[in-house]
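This briefing looks at how charged side chains, paired strands and aromatic rings connect parts of one protein chain. Please keep the sequence and the model at hand while reading.

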Amino acid sequence: MNGRREMEQRSVELPPVISHIGGLPVYFLTGENYLYQTFYCIQSLIKTSAAQFKFILVDDGSFNAALIERVAKQLPGAQVITAEQISKNLQNALPETRYPYLHKKRAVYPHIKKLTDVHTIPGDTWKLVLDSDMLFWTEPADIIYWLKDPQQSLHMVDCTEAYGYSQQLMEQLAGSAVKPLLNVGAIGLKSEAIDWDKLENWVKILEEREGTSYYLEQALSAMLIGNTDATVLKAGDYIVNPDPDQIKNKTGILHHYVDLSKEGYFKQAWKHFL
């Protein structure tokens, strides 16, 4: 797609964004194929908000010296959690002998790294992870309020339910009701509250009974949150899969460009930030 190629090529023109040591921490799982999208997302966030942010980029396994150099130039002060560091974190928190299934999934299903690789990073008790294929159009007050004092999980609302597994099995394993329509484009979880033994077991049983799914990480996040109180980002403001009119009119606060909305994302939306 030409729009995508142009978006990637022109991402080098984006002005540098300073990542502040004491800023509100925002995590991205990113790498060679997504870093340019991460930069646009960050650009859109700082253009809509006066808050100071600290950006933590978690290597999806594709970072190299050139990408690290580019981050230093376009996102000065940002922290890059390298594959080497992730490996050490996993050895400490999720040793392969005890969590063989999670390690097996990591090797073939990168999305699960939003849980395993992000939530084993020492430091912030609560972590907000943003997907790169999103753009902010006005200040995300709910997200900033949450970042200043997180007390409960945070998530977006999907346009259609996408868990890949039956509600019955998910709820049976989670031991509670599971909210419908949870979307992980913006997801805030308490790292210390994640029961990795449960997660290991859930993944194994879900896949044994109902097969593999692209949406596994979203299903697991929904199961982790269960029916507990959460900060739910309103669907009309934080829009998953915006339609062409919503893209054109920059409706709402945030757009998460999945499925059919990718076309508008690659052809037009990003151009507002150059």
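In this predicted model, the structure holds 11 salt bridges. One of them joins R98 to D197, with the closest N and O atoms 2.8 Å apart. Because R98 sits in the loop between α4 (83-93) and α5 (100-108) while D197 belongs to helix α9 (residues 196-210), this pair ties together parts of the chain that are 99 residues apart in sequence.

**Salt bridges**

- On the D197 side of the bridge to R98, the acidic residue is partly exposed, since the relative accessible area of D197 is 39%.
- A salt bridge is also formed where the side chains of D133 and K262 meet, at 2.8 Å from N to O; D133 lies in the loop between β4 (126-130) and β5 (134-136) and K262 in helix α12 (residues 262-267), so the contact ties together parts that are 129 residues apart in sequence.
- The two partners of that bridge fall into separate accessibility classes: D133 counts as buried, because its relative accessibility is 11% and the limit for buried is under 20%, whereas K262, at 26% relative accessibility, counts as partly exposed.
- Within helix α12 itself, K267 and E263 lie 4 residues apart, about one turn of the helix, and they form a salt bridge whose closest N and O atoms are 2.8 Å apart.
- Both ends of this bridge within the helix are partly exposed, K267 with a relative accessible area of 46% and E263 with a relative accessibility of 45%.
- Salt bridges also link E6, R10, E13 and K271 into a network.

**A three-stranded sheet**

- An open sheet with mixed pairing is built from 3 strands, which follow one another in the order β5-β10-β9.
- The edges are taken by β5 and β9 (238-240), and because each of these has a single partner strand, one side of each is left without a neighbour in the sheet.
- On average, and with direction ignored, neighbouring strands of this sheet are turned by 10° against each other.
- Strand β9 runs parallel to strand β10 (residues 254-256), and 3 bridges join the two; across this pairing, V240 stands opposite H256 in β10.

**Aromatic pairs and a cluster**

- A search of the whole structure finds 7 aromatic pairs, among them the edge-to-face pair of Y40 and W270, whose centres are 5.7 Å apart and whose planes meet at 70°.
- Since Y40 lies in helix α2 (residues 35-48) and W270 in the segment after α12, the pair ties together parts that are 230 residues apart in sequence.
- Y40 is buried, with a relative accessible area of 0%, and W270 is likewise buried, with a relative accessible area of 0%.
- In a further pair, the rings of W126 and W146 have their centres 5.9 Å apart and their planes at 90°, and the pair is therefore edge-to-face.
- This contact links distant parts of the chain, as W126 is in strand β4 and W146 in helix α7 (residues 141-148), 20 residues apart; both W126 and W146 are buried.
- One aromatic cluster is formed by Y257, Y265 and F266.

Methods. Residues numbered from 1 in each chain as written. Predicted model: local features only at pLDDT ≥ 70, side-chain atom pairs only at ≥ 80, totals over all residues. Heavy atoms only, no water. Salt bridge = Lys/Arg side-chain N within 4 Å of Asp/Glu carboxyl O. Buried < 20%, exposed > 50% of the residue type's maximum accessible area, 1.4 Å probe, protein only. Pairing = 2+ DSSP bridges. Axes fitted to C-alpha atoms, helices over the stretch in contact; angles between N-to-C directions. Phe/Tyr/Trp six-rings, centres within 6.5 Å; stacked < 30°, edge-to-face > 60°.
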